[in-house]
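I opened this entry to record several local features of the fold, taking single residues and helix contacts in turn.

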Amino acid sequence: MAAALALLSLTACGKPQPAPAPAVATPADLQAHSNEFRRAVIEAAPGVWVAVGFGIANSILIEGEDGAIVVDTMESVESAKAVAAEFAKVSDKPVKAIVYTHSHPDHIGGASAFIPAGATVPIYAQEDVARNMDKISSELQPIITQRSLRMYGWGLSPDELLNVGIGGALDIHEGSTVNILRPTKTFRDTLDDTVAGIHFQLVHAPGETEDQIYLWLPERRILLPGDNLYHAFPNLYTIRGTGFRDPKKWAASLDRMRALRPAVLVPSHTRPLAGEQAIYDTLTDYRDAIRYVHDQTIRLMNIGLLPDEIAERIKLPAHLAAAPFLQEFYGKPGWSAKSLYGGNLGWFDGRPEQLHPLPPRQQAERLQALAGGAESMDAAISAAAAKADWQWVLELSGAALRLRPEAATVKEARLAALKALGEAESNPNARHWYLVAWHELRGDYPLPSRAVTPTPEMLANMPLSTFFDGMAVNLDAEAAGERITTVRFEFTDAGESWTYIVRRGASEIIPPGEAAPAADLVVRVPAQVFKEMLAKLRNPGLTIAREFEMSSGNKLAFIAFMRLFVPLEAETAS
């Protein structure tokens, strides 16, 4: 034991050995990768079709005896309708069930397009899917929307946007709608069922999301892995922003899939794969790459390296770096390493100067002073641009423009850096971020705060709790100041009464059935009207004036209360 402990000590304290440099993909390689997303409805196996290239994600049709199952439903009603029309060409059997592999919007946005009007079918999903999709739509929608649009290259020309790594392009345009049907048949770990004569098993398999599942057709050995495998290095971290994705769970889920020895694999992104050995080898490489990044990152953390130092060092072994399914066309090992650091140790990297760092503006002021003033700072930026030292140009110009947003020469240098870095980048997520930032700095277009519009039918099926959660994260605490106000909402069509308390900048939400204090204001309104107002389908000011009834207190006081959450002057549809 002593010898083993000594060996462990030496390993932990020893210096990390340099990793071999992998081959670096080029923009030309990314262009060639577009072939993966040429639009087609592919018969992966008899009666199993996958629609590729109609949006970011795939949609999959499994035909049974007297009906069919659809797995994943695209990012919008419009893209789903295009897929449904193609599926109708290969099968005229009615859809009798829908399966969501997880809660990401590109897999659930168009469910209603696959079901005839008035029909009802079960919607299968892991039990956390509804909660997670509600969180995105109510709490994080503005920031996730803008970051996703940057990552997926919203507004870029075909010359700029080659593909998005796991799909051709985001099929979201002005006027796009979503109509997500809520799960009706949920499970925690596993579910075994038969629909239209199709025997299938759903298995909880955390990976890209905690609510991820795979679908297994045991008699036919056909595996639908969801987003736990696609034809690119996985997004163990995605730059649009995400909660921590646990690589150990992801690798374990891949091990469960490997053990099945599938003969056909139909991912929810990229094209299907056939052949037991080819699939087994691909799954093995994928899990090995994930475990390698996890294990080596933890090793380097324990040695004492900082996140950026680890990110610079983490390189896949040569055989994995060369594997077709592990090219860095979506995730990057370095990004993954930094996420692993934060997911295990949090934001503090151990350096005392990071306990209370200077705010960004003060840092910029001191950097400029250190450079010798604004003119010297600008000269340094111009010199870096002349050397094509684009990363340094970005870092210096970010500080300079924070202090002097209209500095023309600095802006020109930053534009050149963004353009050069974007055009040289083979990872589409990074490429698009650079290029969209270039367009934004030029003033070509503003990014919308909402990319798609929910239908009234979708809002009707969402619980009221989701909308109150959204109000809470939109409360302007500074505007609320010392105010203490209690408002009771009586929803005339839902038969529910909710109480909302604003107490010196904090929110307390009391659901129906729980004891609540006396209210300062009591309003009566149909829940659907309330939902549509908060979802910006209705003008807030006009809606409050026309549709809200005061049972206690006056409407001006209620408008003042709602101004803490909703800008009543916003230009929205009435």
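**Entry 1: N179**

I first located N179, which is found in the loop between β7 (177-178) and β8 (185-187). I note at the outset that the model is predicted. I then asked whether N179 is buried or exposed. N179 has a relative accessible area of 10% and is therefore buried, the cut-off being under 20%. Next I looked up its side-chain partner and found a polar contact between the side chains of N179 and S112, at 3.2 Å. Leaving aside residues up to four places away in sequence, I recorded that N179 touches V77, G109, G110, A111, S112, T455, E457 and M458.

**Entry 2: S34**

I turned to S34, whose place is in the loop between α2 (27-33) and β1 (40-45). The relative accessible area of S34 is 18%, so I entered this residue as buried. With residues up to four places away in sequence not counted, S34 touches L162 and N163.

**Entry 3: S551**

I found S551 in strand β20 (residues 549-552). I entered S551 as partly exposed, since its relative accessible area is 42%. I also looked up what S551 touches: with residues up to four places away in sequence left out, the list is E490, V522 and R524. For E490 I noted the separation from S551 as well: they are 61 residues apart along the chain, and their C-alpha atoms are separated by 9.3 Å.

**Entry 4: helices α12 and α13**

How do the axes of α12 and α13 cross? I read that the axes of helix α12 (residues 374-386) and helix α13 (residues 390-403) come within 8 Å, with a crossing at roughly 160°. That angle makes α12 roughly antiparallel to α13. I recorded the crossing of these two helices as left-handed. On the α12 side, the contact is made by M377, A380, I381, A384 and A385. On the α13 side, I listed W390, W392, V393, L396, S397, A399 and A400. Sorted by character, the residues of this contact divide into 11 nonpolar, 1 polar and no charged.

**Entry 5: helices α14 and α15**

I then examined helix α14 (residues 408-424) and helix α15 (residues 428-442), whose axes come within 8 Å and cross at roughly 155°. Helices α14 and α15 are therefore roughly antiparallel to each other. The crossing in which α14 passes α15 is left-handed. From α14, the contact is made by K411, R414, L415, L418, K419, L421, G422 and E423. From α15, I listed R431, Y434, L435, A437, W438, L441 and R442. The residues of this contact divide into 8 nonpolar, 1 polar and 6 charged.

**Entry 6: helix α19**

Why is helix α19 described as largely enclosed by the rest of the structure? I found that 7 of the 8 residues of α19 (residues 527-534) are buried, and the helix is therefore largely enclosed. I recorded the buried residues as A527, Q528, V529, F530, K531, E532 and M533. I then looked up what these buried residues pack against. The helices are α16 (456-461), α17 (464-472), α20 (540-547) and α21 (555-562). The strands are β16 (484-491) and β19 (521-525). Finally, I noted that α19 is followed by K536, whose phi is positive, near 65°.

Note on methods:
Residues numbered from 1 in each chain as written. Predicted model: local features only at pLDDT ≥ 70, side-chain atom pairs only at ≥ 80, totals over all residues. Heavy atoms only, no water. Axes fitted to C-alpha atoms, helices over the stretch in contact; angles between N-to-C directions. Helix = DSSP H or I, 4+ residues; strand = E, 2+ residues; numbered from the N terminus. Parallel < 35°, antiparallel > 145°, perpendicular 65-115°, else oblique. Left-handed = near helix turned anticlockwise from the far one by under 90°. Contact = heavy atoms within 4.5 Å. Nonpolar A, V, L, I, M, F, W, Y, C, P; charged D, E, K, R; others polar. Buried < 20%, exposed > 50% of the residue type's maximum accessible area, 1.4 Å probe, protein only. Polar contact = N/O pair within 3.5 Å; in protein donor to acceptor, adjacent residues only side chain to side chain.
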